[in-house]
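Got your viewer open and a selection box handy? Let's walk through this one stop by stop.

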Amino acid sequence: PAPGRLVDKAGAKETFTAVLLGALHDRAGQGEDAAAIPDTVLAQLLGVAKLAAEITSERQGADPPTAAEVRRRTADGHADGHRAAVRVEPGEKSSA
């Protein structure tokens with residue numbers, strides 16, 4: 001898939017950080033040790049965080065995507081095929 005058009009960089013770094021930390025927090029809540037996450041899984045988490053930052057950059061202002069938006073993009077073949085790293089429930093309103 002072609003990359004999106006850069007509109008505004010505001011909030012992209014914050015979105016990347018929030019998504020990555022949220023994913024690590026979710027895994028810690030399931031009893032996983034962040035230091036023991038396999039490289040392939042960490043690469044998936046980083047890919048999803050990167051995708052969320054890219055979506056934010058396609059919009060005016062610091063407007064991060066919802067988890068459902070990130071899930072749709074990963075299903076469409078974005079995030080380098082890292083769709084398994086997005087854990088969201090249908091209708092979820094929070095940021096990825």
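Which residues make up the largest nonpolar core? Keep in mind that this is a predicted model, then select Val19, Leu20, Ala23, Ile37, Val41, Leu45, Val48, Ala49, Leu51, Ala52, Ile55 and Val70: that is the core, 12 residues in all. H1 (12-29) and H2 each supply at least two of its residues, and H2 gives the largest share, with seven. As background, nonpolar side chains in soluble globular proteins tend to be buried together.

**Zoom out**

Switch to cartoon and colour by secondary structure. You'll see three helices and zero strands, so to speak a plain α-α-α when read along the sequence. Of the 96 residues, 33% count as buried. Put a surface on and you're looking at about 5,800 Å² exposed, with carbon and sulfur atoms supplying 55% of it. If you have a contact map to hand, take the contacts with a separation of 6 or more: residues 24 or more positions apart account for 69% of them.

**Next selection: Leu20**

Show Leu20 as sticks and bring up what surrounds it. Leaving aside neighbours within four places in sequence, Leu20 is in contact with Leu45, Leu46 and Ala49. Two of the residues to look at there, Leu45 and Ala49, belong to the core along with Leu20.

**Next selection: 39-57**

This is helix H2. H2 has 19 residues, and from its first C-alpha to its last it reaches 27 Å, close to the 27 Å expected at 1.5 Å a residue. Now colour its buried residues: Val41, Leu45, Gly47, Val48, Ala49, Leu51, Ala52, Ala53, Ile55, Thr56 and Ser57. What do the buried residues of H2 pack against? Turn on the other helices and you'll find both H1 and H3 as partners.

**Last selection: 67-75**

Here's H3, whose buried residues are Ala67, Ala68, Val70 and Thr74. They sit on the same side of H3, because they cover an arc of only 160° around the axis. Look down the helix axis to see that. In general, an α-helix has 3.6 residues a turn, so residues three or four places apart point the same way. The buried residues of H3 pack against H2, and one of them, Val70, is also part of the largest nonpolar core.

Before you close the session, step just past the end of H3 and click on Gly77, which takes a positive phi of about 100°.

Technical notes
Residues are numbered from 1 along each chain as its sequence is written. This is a predicted model: local features need pLDDT of at least 70, side-chain atom pairs count only at pLDDT 80 or more; totals for chains, interfaces and linings use all residues. Side-chain values use heavy atoms; hydrogens and water are left out. Buried means under 20% relative accessible area, exposed over 50%, partly exposed in between (1.4 Å probe, protein chains only). Helices (H or I, at least four residues) and strands (E, at least two) are DSSP runs, numbered from the N terminus. The arc is that of the directions from the helix axis to the C-beta atoms. Contact means heavy atoms within 4.5 Å. Accessible areas come from the Shrake-Rupley method with a 1.4 Å probe; for residues, only the protein chains shown count as cover. A nonpolar core is a set of buried Ala, Val, Leu, Ile, Met, Phe, Trp, Tyr and Cys residues joined through side-chain atoms within 4.5 Å. The expected span of a helix is 1.5 Å times one less than its number of residues.
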